[in-house]
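Student: Hi! I have a structure open and I'd like to talk it through with someone. Can we go over it together?

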Amino acid sequence: MKARVFITLKTGVLDPQGKAIGHALNNLGFRAVSEVRQGKVIDIELEERDESKARASLKEMCEKLLANTVIEKYEIEVSR
Amino acid sequence: MKSAVVIFPASNCDRDAAVALEQVTGEKPAMVWHADTDLPDVDLVVLPGGFAHGDYLRCGAMAALSNIVRDIKAKAEKGLTVLGICNGFQVLTEAGMLPGALMRNAELKFVCKPVGIEVAESQSVFTRRYENGQHIVFPVANGVGNYVADEETLDRLEGEGRVLFRYAGGDNPNGSARNIAGIVNEKRNVLGLMPHPERVCDPLLGGTDGRALFEGLLESLS
């Protein structure tokens, strides 16, 4: 089973890197860009056939390591 | 006072911490590798600055899961005194031993310079040799030193006198919330701070403002 975990900053947490990317895009002429938030994507392959078990295990991974839930939130996508 | 300094892969201030401890306490600290499971019997453990595990994923995230930090966390709950400097502070927040988190500096730059620090609270084993409100100078050297926590946590830290050090005189080098440079846990035996007191313990290094921190610990823990 394959999983993709998206880790992004919680709403309200300042993202200086996203801001810098936004400025750079504006400078490149992409004037329509008003806000950029940066995050991470982590691809994981699991030896697990049961989707609900995989999801439970991925959630635990996010809570224990992949995300710092003080500042970040996560979303999990699972595919075969 | 017996002390130990933890070495993670890519720690780089472990020797500075060891030299400062030896100069002040007269005893060489035990140097402990991150994969060791048991901390020797000590009164103080220092988590030094550096870039443990290359700062992969998040600063301090991997180190927080190491064998030795697991043991330190258990012993800190029973009262062991823990000092986390810079990367050590990041490890303490990642391990859940201190609230909040350290984020990328507001200006996105690595900042390496002496900064003015105010001792915000002298009621602790770490700051007892300083006066309340005393102005000192510690160097900072970080790219991820921007302390953040939710408003409620910040209010509680301030209300309980748990902010021990603040950046002073409007010179906040990393954008930290409420100019916070160092905080303690509820039991007041675990301190995390971004500036480096161990780098200003010898006049040859340009200052001695950090000595009082180690002298206070020596006085309390001997």
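**Chatting through the two chains**

Tutor: Happy to, and let's begin with helix H5 of chain B, in a model that is predicted. The buried residues of H5(B) are Ala212(B), Leu213(B), Phe214(B), Leu217(B) and Leu218(B).

Student: What do those buried residues of H5(B) pack against?

Tutor: They pack against helix H1 (14-25) of chain B and against the strands S3 and S4 of that chain.

Student: OK, strands then. In what order do they sit in the open sheet of chain B?

Tutor: The order is S2-S1-S3-S4-S11-S10-S9-S6-S7, which makes nine strands with mixed pairing. Strand S2 (30-33) and strand S7 (135-142) of chain B stand at the edges. Each of these two has a single partner strand, so one side of each has no neighbour in the sheet. From one strand to the next, the twist averages 25°.

Student: How do S3(B) and S4(B) pair?

Tutor: Strand S3 (residues 44-47) of chain B pairs with S4(B) in the parallel sense, over four bridges. In that pairing, Val45(B) has Val82(B) as its bridge partner in S4(B).

Student: And which residue of S11(B) is the bridge partner of Val82(B)?

Tutor: That is Val190(B). Strand S4 (residues 81-85) of chain B is joined to S11(B) by four bridges, and the two run parallel. So Val82(B) has a bridge partner in S3(B), namely Val45(B), and one in S11(B), namely Val190(B).

Student: What about S10(B), does it run parallel or antiparallel to S11(B)?

Tutor: Antiparallel, with three bridges joining strand S10 (residues 180-184) of chain B to S11(B). Here Ile183(B) has Gly192(B) as its bridge partner. The two strands form a hairpin with five residues between them, and Arg188(B) in the turn has a positive phi of about 65°.

Student: Which way do the residues of S11(B) point?

Tutor: Val190(B) and Gly192(B) point one way from S11(B), while Leu191(B) and Leu193(B) point the other way. All of them are buried. The general pattern is that side chains in a regular strand alternate between the two faces of the sheet.

Student: Nice. Let's go past S11(B). Where is Glu198(B)?

Tutor: Glu198(B) is in the loop between S11 and helix H5 (211-221) of chain B.

Student: Why does Glu198(B) count as buried?

Tutor: Because it has 32 C-beta neighbours inside 10 Å, and the cut-off for buried is 20 or more.

Student: So what is Glu198(B) in contact with?

Tutor: Setting aside neighbours within four places in sequence, Glu198(B) is in contact with Cys13(B), Asp16(B), Ala17(B), Ala20(B), Ile85(B) and Gly210(B).

Student: You mentioned a positive phi. Which residue in the loop between S3 and helix H2 of chain B could I look at?

Tutor: Try His53(B), which lies in that loop, ahead of helix H2 (67-77). His53(B) has a positive phi of about 55° although it is not a glycine. It counts as buried because 21 C-beta neighbours lie inside 10 Å.
Cys86(B) is one to look at as well, with a positive phi near 60° in a residue other than glycine. Cys86(B) sits in the loop between S4 and helix H3 (87-94) of chain B, and it is buried, with 30 other C-beta atoms within 10 Å.

Student: Switching to chain A: what is its secondary structure?

Tutor: Chain A has two helices and three strands, and from the N terminus on they run β-α-β-α-β. Helix H1 (residues 16-27) of chain A has 12 residues and reaches 17 Å from its first C-alpha to its last, close to the 16 Å expected. Just after H1(A), Gly29(A) takes a positive phi of about 105°.

Student: What is the radius of gyration of chain A?

Tutor: Chain A has 16 Å, whereas a compact globule of 80 residues would have a value near 12 Å. Along its principal axes, the C-alpha trace spans about 45 × 25 × 15 Å. Of the 80 residues of chain A, 11% count as buried.

Student: Last one: how many residues does each chain bring to the contact?

Tutor: Chain B brings 11 residues and chain A brings eight residues. The side of chain B that touches chain A has seven nonpolar, one polar and three charged residues.

Technical notes. Residues numbered from 1 in each chain as written. Chains lettered and ligands numbered in written order. Predicted model: local features only at pLDDT ≥ 70, side-chain atom pairs only at ≥ 80, totals over all residues. Rg over C-alpha atoms; globule rule 2.2 N^0.38 Å. Buried ≥ 20, exposed ≤ 12 C-beta atoms within 10 Å, placed from the backbone. Pairing = 2+ DSSP bridges. Contact = placed C-beta atoms within 7 Å. Nonpolar A, V, L, I, M, F, W, Y, C, P; charged D, E, K, R; others polar. Expected span 1.5 Å × (residues − 1). Axes fitted to C-alpha atoms, helices over the stretch in contact; angles between N-to-C directions.
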